[in-house]
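Reader: I should like a close look at the charged side chains of this protein and at their surroundings. Please set them within the whole before turning to single residues.

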Amino acid sequence: MAEFRCRTKGGADPQGKPRVYFTCHPDDFDLYFDRICSDIFDVKGGSCAIYYTPDMSESLDETNLTVDLARMNLFIVPVSLRLLKEPNRAMSVDIAYAKEHRIHIIPFLMEQDISGSGIVELYSLNQNFGERQYLNPNSSDTSEIKYTDKLRKHLESVLVSDELAQRVRAAFDAYIFLSYRKKDRLYANELMRVIHCIPGCRDIAIWYDEFLTPGESWRDNIRSAMKMVKEKSNLFTLLVTPNLLEEYLDKDGKIKKNFVMETEYPEAKDMGMDILPTEAQDTDYDKLKNKYEDIPKPLKLDDEHFSEAFLSVVEKIAKTENDDDPEHNFLIGLAYLEGIDVEVDVERGVSLITSAAEAGLPEAMKKLYRMYDSGDRVELDYDEAVIWACQLATHYIKEEGEESPRTLWAIHDLGMAFTKAGNFDDAINTYGNLYKLRAEHLGPKHPDTLITLTNLALAYIEKGEPFSALGIQKQLYDVQLDTLGEDDPDTLCTLNNLALAYGDCGDNPQALTLFERAAEISKRVHGDDDPETLRTLNNLAIIHMRLGNYEIAYKMQSEVCELSSKAFSERHPETLLYLGNLALILKNMGEKDRALEIGNKVYKISLEVLGEKHPRTLTAINNLGMYCSEFGEYDRSLKLYERAYEISKEIYGESNPHTVKIVNNLASTYVKCGREDEGISLLESAYDTQCDLFGERHSDSISYLENLATIHFQFGDKEKSTSLFEKLCSLKCELSQEKSKETLLYLDYISYACDELGESEKKLDADRRKYEISLEMYGEENPETLRHINNYAADIRHIDPDRAIMLMEKVYCLRCKLIGEEDPKTVTSLGNLITMYSDGGRHDKSLPLSKKLYQIRIRTHGKDAPETLLALHCLAADYMYSRKYEKALELMAKAYVMRCRVLGEDDPETMKSLDFIKSMCKVAAEAKGMTLLEKTYITLVGHLGKHHACMLVLLPELALICLDCGNRKMGITFHERLYDLYLNLYGIFDEMTVRQRQLLDFLKSR
């Protein structure tokens, strides 16, 4: 069984002091024990005792766990790489026990991450310390709160102060002195539990000496405690087991009595205390009487009448009149929670403190808030923490007013509780109100006011609203710049955060400007190769990449990697991070081989240095999977993402944001590999988990929903994708981000899908919103705005033709001005405008523009291009609609002839020209007479020859038109020409030729 020892400041009596337990890797004890003890005593004074086992490799037994460790108020542990990587009792037993029983832990990060160890990432694994905040005694960051200040704050928040401990002890009805052999600690703990379960005995404290160290004299302390007990109850309880009879030989071979027999029992008798023996194990009473003079017959602990017998002895000291007093219940509850002169009984302690809080005691409310907020002795429960933080703030507002310092800090704690619980709207409202109060009562530049601003910005970021956070970061930076100056570490930190906020909001040019300024200041203040400078330069390179400045980004990131390699090493996690970003830049440059080479390098080194299940390695696997996917290596990408998913589930858990992001990537890769159903199902699961964690309005939730909507669109489920894109638009509107590029993209998808689904009203609404949003965002001369106006005008041309024409005229004129009349977009607008004029019967407007369009096509595409021939066809049609039939037939004949040559006689476009000629011939004959038909025929013969196959179609039409119009002579002429064509093409005996001859004879005979 491990021997527990104790250290106090100046060797003071540890009795009654808060109990701090030191544990570590065996090799770290000599390195760190003295230093950490000294640091704690320096900030805490003599008001705590530090317990430890001298041999940290010695195992603990059940008694050590259920009695010794259970009574500890705080665990402290120096964290080293060997503690995290090598098997040791500290992690597998001591820290595991503290986690299981929710005893507060303060880790001290004693080693710096200068050798590529990745100690911080190993520390952060769930199986190690997870998200617990560590203290860094060796930090050189001047912008951080001082290590000693952090240590003092931690100790004060966990350990009961001397003043509060005195209040707790004063709240007890009475004290009993418990005497027992140290090897019987387990029985002593059970006796205390049984006593306190007896109705009426709850508020009786039990004094006993803890963890005596062999060779140390406790006689004076024992006598002092007995005097205190004699004054309050005069009751000496002796725990009886066979161990009480033991004697031993000293180094001189003399028989020595045990400490209870030699010291405690005789002292109790001399002081005239009432002796109450309690037998926990069968013990020979005759031998007991021989060793302990005048000892009474013991009560048996396992006797069913023990409670009655014990109560009859102590009933004169037990009181109950304080049971309804909230403060009394709070103090007694604190005693059981912390083990102050009673056994540790968390359930009873929490129950008593809760009853005091429910009765309106603010001290109890604050204690419950902190316990549930940190998981100290209770299950971590942010929702419960919110309840008590809210009640505490409400109490102080009512009792002391909004301007009271305690009220302001209670509101601050409430905002923190809302944030941790994921109630971001409530957190934002709380911090907003707190900022107004602090600005009014403390001033807008007071540190507490600025803390509120910082927390408000963080709440907006957590909620996924970077635009709102941006405004607050700007305000905070302006104040710090004015009060602290730009070289102050706090100001520089805020400048970097402000630049990141601009980047998150899509304003990369402004982010670039701020990062450049931050890099300049950091170089001047910290130096070129300082870690802070390198991080800023890394961010700057990423912004250059986003802006498409790939060469600048590549050069800058290469320099960052080189400086980091020199300052740390090529295998250091920071260097690997920068190398990973260099690979990302190369990927965006299209440098496939180099991106994959560096990605593989980062993955390989991470695997060797950190191990496969390290967060940095996980990032490397994920990034390599992304590069493989980008360059079409889907099978390898899928294997990497699947492995990353398994690792992330193991180290973070299924519902962790890190895991969800990997699931999103994995789902997309399933889709690319043709496994659409699996991909969509996985992505839907990732989206649901993300919404459960952060809500559907979080930026990552919106990103996953966008991915899901796009995939549905790509694979033909237009109805589903339209529904999801509509939801995305709605979310952007709720977040006051409707005027954004993303919304315009969503509306584009909706418009396209609705067009295919035939949902014209939805398409019209989407195009209208695009037009209005882009007009407000960019102004009417922006190319995107013009595109959306063009589409909207096309939509409403049948609903509101006048407005459609007005809008299209504007688009055409602005495009001519901005990009020139021969730009394809301008030409598209010109074609749309011609159509609108023509549909409205305004051929005086459409014809000149059709001529212009034809000439532009000749200049830009050449005379024989299909686009030019289409323009010629449309020009001919416009002439016809303008009743200029001769010109119309001339141009259409020309269009037909050229299409025959370029596209072929059977091409659909060629046939359209021929059909149009036939239609025009009929209209022209009715309006202008037969002369125009003859001219059309002569024109076609001149281009194609009179024996061209198209005449087989056209000549019957011309003949029929003439006959229908009563011009029999010209009709016979066209039939004669058709007969001549049959003769030439098929010969005199062909059936078609014979029939045409018979028809011609019939017409002539009439």
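To begin with one residue: is E520 buried, partly exposed or exposed, judged by its relative accessibility?

Author: The model is a predicted one, and the values below are computed from it. At 44% relative accessibility, E520 counts as partly exposed. Its partner in a salt bridge is R517, with the closest N and O atoms 2.8 Å apart. R517 also counts as partly exposed, at 27% relative accessibility. Both R517 and E520 belong to helix α22 (residues 508–525), where three residues, about one turn of the helix, separate them.

This pair belongs to a wider set, as the structure holds 63 salt bridges. In general terms, side chains of opposite charge can pair when their charged atoms come close.

A second pair has another setting. The side chains of R82 and D28 form a salt bridge, at 2.6 Å from N to O. R82 is in helix α3 (residues 81–85), while D28 is in the loop between β2 (19–22) and α1 (29–44), so this salt bridge ties together parts that lie 54 residues apart in sequence. The accessibility of the two partners can be stated in turn. R82 counts as partly exposed at 23% relative accessibility. D28, in contrast, is buried, because its relative accessible area is 0% and the cut-off for a buried residue is under 20%.

A third pair is made by E696 and K727, whose side chains meet in a salt bridge of 3.3 Å, N to O. Distant parts of the chain are linked here: E696 sits in the loop between α30 (676–694) and α31 (699–714), K727 sits in helix α32 (residues 718–734), and the two are 31 residues apart. E696 counts as partly exposed at 34% relative accessibility, and K727 counts as partly exposed at 31%. Elsewhere, salt bridges with shared partners connect D748, K763, D767, K770, E784, R787 and D795 in one network.

Another acidic residue, D425, may be considered through its contacts. D425 is part of helix α18 (residues 424–441). With a relative accessible area of 38%, D425 is partly exposed. When neighbours within four places in sequence are left aside, D425 is in contact with K463 and R697. For a sense of distance, the C-alpha atoms of D425 and H614 are 34 Å apart in space, and these residues are 189 apart in sequence.

The nonpolar residues give the background to these charged ones. The largest nonpolar core has 120 residues, and Y21, L69, F75 and F129 are the ones that touch the most other members. Helix α26 (residues 592–610) gives the most to this core, contributing eight residues. Another core, of 81 residues, lies apart from it and has L245, Y369, Y372 and A385 among its members. To return to L69, its contacts, not counting residues up to four places away in sequence, are F4, Y21, L60, N64, F75, D94, Y97 and I103.

Towards the C-terminal residue numbers, L963 lies in helix α43 (residues 951–964). L963 is partly exposed, with 30% relative accessible area. Apart from residues up to four places away in sequence, L963 touches R968, G971, H975 and L1003. L963 and C816 are 147 residues apart along the chain, with a separation of 50 Å between their C-alpha atoms. On the surface, L985, Y986 and M992 form a nonpolar patch, which has about 270 Å² of accessible area in total. Of these, M992 is found in helix α45 (residues 991–1005) and is partly exposed, at 39% relative accessible area.

The whole can now be set around these parts. The protein has 45 helices and twelve strands. Its C-alpha trace spans about 160 × 65 × 60 Å along the principal axes. The radius of gyration is 45 Å, whereas a compact globule of 1006 residues would have one near 30 Å. Of the 1006 residues, 50% count as buried. About 45,800 Å² is exposed by the protein, and 48% of this is supplied by carbon and sulfur atoms. Finally, among contacts between residues at least 6 apart in sequence, 64% join residues at least 24 apart.

Conventions:
Residues numbered from 1 in each chain as written. Predicted model: local features only at pLDDT ≥ 70, side-chain atom pairs only at ≥ 80, totals over all residues. Heavy atoms only, no water. Patch = residues over 30% accessible without salt bridge, like charges linked within 9 Å, V, L, I, M, F, W, Y side chains within 5 Å. Areas by Shrake-Rupley, 256 points an atom, 1.4 Å probe, with all protein chains shown as cover. Salt bridge = Lys/Arg side-chain N within 4 Å of Asp/Glu carboxyl O. Helix = DSSP H or I, 4+ residues; strand = E, 2+ residues; numbered from the N terminus. Buried < 20%, exposed > 50% of the residue type's maximum accessible area, 1.4 Å probe, protein only. Rg over C-alpha atoms; globule rule 2.2 N^0.38 Å. Contact = heavy atoms within 4.5 Å. Core = buried A, V, L, I, M, F, W, Y, C linked by side-chain atoms within 4.5 Å.
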